[in-house]
Amino acid sequence: MNLNNLIELKTFNIFPEYFLVISALYMLIVVVLISYNVLGLILQRSIGDCIGLIMLLACYLIINDDLLFCNTDDFGFYISLSFYKAVVMDYFGAFTKFIICFFSAVYFFIIADFLKEYKLTSFEYLLILLFAVLGLVLLCTSNDLLSAYLAIELVSLSSYLLASFKKNSSYSMEAGIKYLITGSISSAFFLLGSSFVYASVGTICISDIWSLFVDVAWLQEQTRRTLWKDLCFLSDLEPTIWYLEDFYLSQIGWPAVVFMDYWVKKLYFRTLYANLIIFSECSELLEPFIEIGLTFILFSLFIKLALAPFHLWSLDVYEGSPIISTFFFAVITKLSIFVFLTRICYSTIHFKESWQFYAIIISLLSIFVGSFGGLKQKKLKTLLAYSSVSHMGDVLLSLST
């Protein structure tokens with residue numbers, strides 16, 4: 001990406017992300033300079049309202065982005081790729097970004113009273129929330145595994161701090177530690193799956209995985225048909241070549257080297273066909289590694305979504321965290337992760353037959369665990385955790401069908 005591309009409008013198709021980053025850094029500098037610790041709760045509500053206004057302005061930027069310089073994909077949808085295909089901009093991503101920014105603005109407007117009640121007077125809490133929302137917005141437009149991992153880690157690191165922000169509460173610290181351990185395991189699964197995918201296909205771009213397999217399969221089939229047709233044609237000519245060799249050798253005395261071009265050509269086509277068969281077998285051997293890698297990535301996302309039986313961490317984390325952090329974990333963070341899961345299933349539809357059955361089983365198990373597990377709960381935040389498990393099961397069931 002040279003300097004000329006940096007100043008072109010088609011590169012800046014993530015204006016909301018730029019705006020959120022600059023706003024977060026600007027607020028951090030300004031609040032530190034005006035000595036927030038001296039003013040105390042005076043600026044608490046003002047900072048929350050200011051961040052809510054930033055979210056609304058980000059919504060305005062998303063609405064006014066008409067997806068310039070977009071092309072249509074194989075299914076007729078408008079799509080724009082930038083930053084070496086690391087960022088994808090389409091109507092699906094724009095809509096989810098708008099939903100996240102809008103409801104995040106509502107969230108920032110209503111949590112001021114809760115911050116005062118729970119004595120969370122540090123301005124860092126609101127800024128951490130802002131960076132978490134930034135990671136969620138980036139995850140909606142991620143088109144490769146590396147950018148998605150960085151966006152997930154930005155959300156995860158912010159969530160660890162939000163869960164353990166009440167330093168005088170042992171339950172909050174315990175929730176943060178459990179969230180950290182579970183998130184580390186999930187990140188390890190994601191990186192392991194990404195390494196398998198990259199080792200198999202040589203790319204981490206999600207949109208290239210499907211096109212790569214489609215192109216390779218089509219090329220193999222066309223080459224196999226062409227080589228087999230030529231080989232059959234030469235094989236049909238073989239009796240005539242034998243007769244001509246015997247005739248010229250007996251009547252005229254010409255050596256058989258005259259017909260050497262025919263035999264060399266036949267040997268060449270036979271070798272190419274054998275190599276094609278070997279290449280097809282190697283491709284079939286690589287497909288299990290891709291399935292293993294994508295399965296690890298799915299496990300990582302299932303842990304992040306708290307789907308059964310990967311939901312056990314959410315019960316203690318939701319219960320020990322401050323209630324405003326619990327609502328953020330249960331509602332807003334799940335949408336972006338599910339959007340990325342949808343992109344993976346949409347782009348790697350080649351393997352949907354092997355995933356569909358297991359996705360349906362996990363979704364049904366999540367619905368039953370979330371529904372029946374919350375019947376005997378007397379704690380509101382634990383009930384919210386079971387409700388989140390059930391709702392994610394419903395959403396996954398709709399996707400898996």
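In this predicted model, the count of salt bridges comes to 4. One of them joins Lys97 to Glu17, with the closest N and O atoms 3.1 Å apart. This pair links distant parts of the chain. Lys97 belongs to helix H5, while Glu17 belongs to helix H2 (residues 15–33), and 80 residues separate the two. Lys97 is buried, as is Glu17.

A further salt bridge brings together the side chains of Lys178 and Glu174, at 3.0 Å from N to O. Both residues sit in helix H9 (residues 170–201). They are 4 residues apart there, so about one helical turn lies between them. Glu174 has a relative accessible area of 39% and is therefore partly exposed. Lys178, with a relative accessible area of 28%, is also partly exposed.

Lys178 also meets Asp316 in a salt bridge, at 2.9 Å from N to O. Here distant parts of the chain are linked: Lys178 lies in helix H9 and Asp316 in helix H12, 138 residues apart. The relative accessibility of Asp316 is 40%, so Asp316 counts as partly exposed. Glu174, Lys178 and Asp316 are thus linked in a network of salt bridges.

The loop between helix H11 (260–305) and H12 holds Pro309. A cis peptide bond joins Ala308 and Pro309, with omega at about 0°. Ala306 lies in the loop between H11 and H12 too. Its phi is positive, at about 60°, although Ala306 is not a glycine. Most residues other than glycine have a negative phi, and most peptide bonds are trans. Ala306 has a relative accessibility of 1% and so counts as buried, the cut-off being under 20%.

Attention turns next to internal space. The structure holds 3 cavities of 30 Å³ or more. The largest cavity contains about 100 Å³ of space. It is lined by 13 residues. Those closest to the centre of this cavity are Val155, Tyr179, Lys304, Thr333 and Ile337. Three helices each supply at least two residues of the lining: helix H8 (145–163), helix H12 (312–320) and helix H13 (323–347). By class, the lining of the largest cavity comprises 8 nonpolar, 3 polar and 2 charged residues. Helix H12 thus contributes to this lining and also carries Asp316 of the salt bridge with Lys178.

The surface shows a nonpolar patch. Its members are Leu53, Leu56, Leu57, Phe102, Phe103, Val106, Phe109 and Ile110. Together they have about 680 Å² of accessible area. Helix H4 (44–64) and helix H5 (91–110) are the elements that give two or more residues to the patch. H5 provides the largest share, 5 residues. Leu56 lies in helix H4. Its relative accessibility is 33%, so Leu56 counts as partly exposed. Patch residues need over 30% relative accessible area, and Leu56 at 33% therefore passes that cut-off. Helix H5 thus supplies residues to the surface patch, and the buried Lys97 also lies in helix H5.

Definitions and conventions. Residues numbered from 1 in each chain as written. Predicted model: local features only at pLDDT ≥ 70, side-chain atom pairs only at ≥ 80, totals over all residues. Heavy atoms only, no water. Patch = residues over 30% accessible without salt bridge, like charges linked within 9 Å, V, L, I, M, F, W, Y side chains within 5 Å. Areas by Shrake-Rupley, 256 points an atom, 1.4 Å probe, with all protein chains shown as cover. Buried < 20%, exposed > 50% of the residue type's maximum accessible area, 1.4 Å probe, protein only. 1 Å grid on protein atoms, 1.4 Å probe; cavity = no way out; pocket = protein on both sides within 12 Å on 5 of 7 lines; lining within 4 Å. Points joined across faces, edges and corners; volume = space filled by probe spheres on them. Nonpolar A, V, L, I, M, F, W, Y, C, P; charged D, E, K, R; others polar.
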